[in-house]
Amino acid sequence: MSPPNRVEVAVVGAGPAGSTLASALAMRGRDVALFERDTFPRDKVCGEFLSPEAAACFDELGCREAFHRLSPSEMGRTRISVSGHDPVELALPATGYGLSRRRLDEFLFQYGKTRGVQAFEGANVRRVDSQKGGKKQLGIAFECDGERREQVVEADLVVGAYGRRSRIDRKLKRPFFQTRSPYVAFKRHHRIFRDGGGPPLRDFVELHAFDGGY
């Protein structure tokens with residue numbers, strides 16, 4: 001399905017922020033299109049813990065029951081350690097959840113469609129231009145029937161929910177491109193095979209800080 005020629009709100013980036021916003025706007029009667037450069041499922045170098053406040057957000061969207069069908073890991077405590085000090089363990093005020101971004105992002109993206117969001121994968125927004133009267137134009141590259149196509153979509157409002165250092169940011173000449181970031185992020189997933197004698201994983205979310213990072 002090709003993107004529409006015009007929408008009221010265009011959301012660029014279908015991570016948790018973009019998909020949640022798109023669903024919330026569509027539920028309020030707004031004409032919303034959501035554009036994601038990647039295709040689902042896909043991994044993200046990011047945390048995979050949902051704080052207790054997320055439950056209220058799922059309630060507002062009406063997807064809490066569907067979220068629990070994904071069988072997220074329930075977490076009730078946190079462990080915080082800082083170099084040179086004893087770790088601290090605390091109870092969370094309510095239940096938090098652990099779920100991979102691979103599963104969470106696809107769930108929120110697909111759920112948005114059920115709420116009326118026009119959602120597009122593999123849609124690379126390459127530029128955003130301002131027009132007279134405050135209108136915006138998005139230049140989008142996408143695949144259709146195996147062919148790469150370009151399309152312009154007009155919107156009253158464009159929301160960037162794609163994270164930092166994208167091609168759009170470079171074209172907008174955002175100042176953080178003038179300096180290199182001193183940080184690096186990485187992620188590893190581990191699968192644990194048990195023979196029945198190992199201890200169960202604890203219901204902890206842990207944060208370990210060291211000089212210059214965490």
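**Close-up views of a predicted model**

Helix α1 is followed by G29, a residue whose phi is positive, near 90°. This residue opens the first of several close-up views, each taken from a predicted model.

**View A. Helix α1 and the elements that cover its buried residues**. Helix α1 comprises residues 16–27, a run of 12 residues. From its first C-alpha to its last the helix reaches 16 Å, close to the 16 Å expected at 1.5 Å a residue. The buried residues of α1 are G18, S19, T20, A22, S23, A24 and A26. Their cover includes two strands, β1 and β2 (32–35), and two helices, α2 (53–61) and α4 (101–114). After the helix comes G29, with its positive phi near 90°.

**View B. The salt bridge between E154 and R6**. The side chains of E154 and R6 meet with an N to O distance of 3.4 Å. E154 belongs to strand β9 (residues 147–160) and R6 to strand β1 (residues 6–12), so this pair ties together parts that lie 148 residues apart in sequence. Both partners are partly exposed: the relative accessible area of E154 is 25%, and R6 has a relative accessibility of 38%. A search of the whole structure finds 17 salt bridges, and the E154 pair is one of the salt bridges shown in these views.

**View C. The salt bridge between R64 and D59**. Here the side chains of R64 and D59 meet at 3.0 Å, N to O. R64 is partly exposed, with 31% relative accessibility. D59 is likewise partly exposed, its relative accessible area being 43%. Elsewhere, salt bridges that share partners join E36, D38, R42, R101 and D105 into one network.

**View D. E36 and R42, two members of the salt-bridge network**. E36 forms a salt bridge with R42, and the closest N and O atoms of the pair are 3.9 Å apart. E36 is buried, with a relative accessible area of 6%. R42 is also buried, at a relative accessible area of 9%. For the purpose of this view, buried means under 20% relative accessible area, and the values for E36 and R42 are to be read against that cut-off.

**View E. The surroundings of D169 in helix α5**. D169 is found in helix α5, which spans residues 167–171. The residue is buried, with a relative accessible area of 0%. Its side chain makes a polar contact of 2.9 Å with the side chain of Y162. When neighbours within four places in sequence are left aside, D169 is in contact with Y162, G163, R164, R174, F176 and F177. Y162 therefore appears in this view both in the list of contacts and as the partner in the polar contact, a polar contact being a pair of N or O atoms within 3.5 Å.

**View F. A nonpolar patch on the surface**. The patch is formed by I80, V82, V88, L90, L207 and Y214, which together have about 580 Å² of accessible area. Strands β4 (73–82) and β5 (88–98) each supply at least two of its residues. I80, one of the patch residues, has its place in strand β4. At 34% relative accessibility, I80 is partly exposed.

Conventions:
Residues numbered from 1 in each chain as written. Predicted model: local features only at pLDDT ≥ 70, side-chain atom pairs only at ≥ 80, totals over all residues. Heavy atoms only, no water. Salt bridge = Lys/Arg side-chain N within 4 Å of Asp/Glu carboxyl O. Helix = DSSP H or I, 4+ residues; strand = E, 2+ residues; numbered from the N terminus. Buried < 20%, exposed > 50% of the residue type's maximum accessible area, 1.4 Å probe, protein only. Polar contact = N/O pair within 3.5 Å; in protein donor to acceptor, adjacent residues only side chain to side chain. Contact = heavy atoms within 4.5 Å. Expected span 1.5 Å × (residues − 1). Patch = residues over 30% accessible without salt bridge, like charges linked within 9 Å, V, L, I, M, F, W, Y side chains within 5 Å. Areas by Shrake-Rupley, 256 points an atom, 1.4 Å probe, with all protein chains shown as cover.
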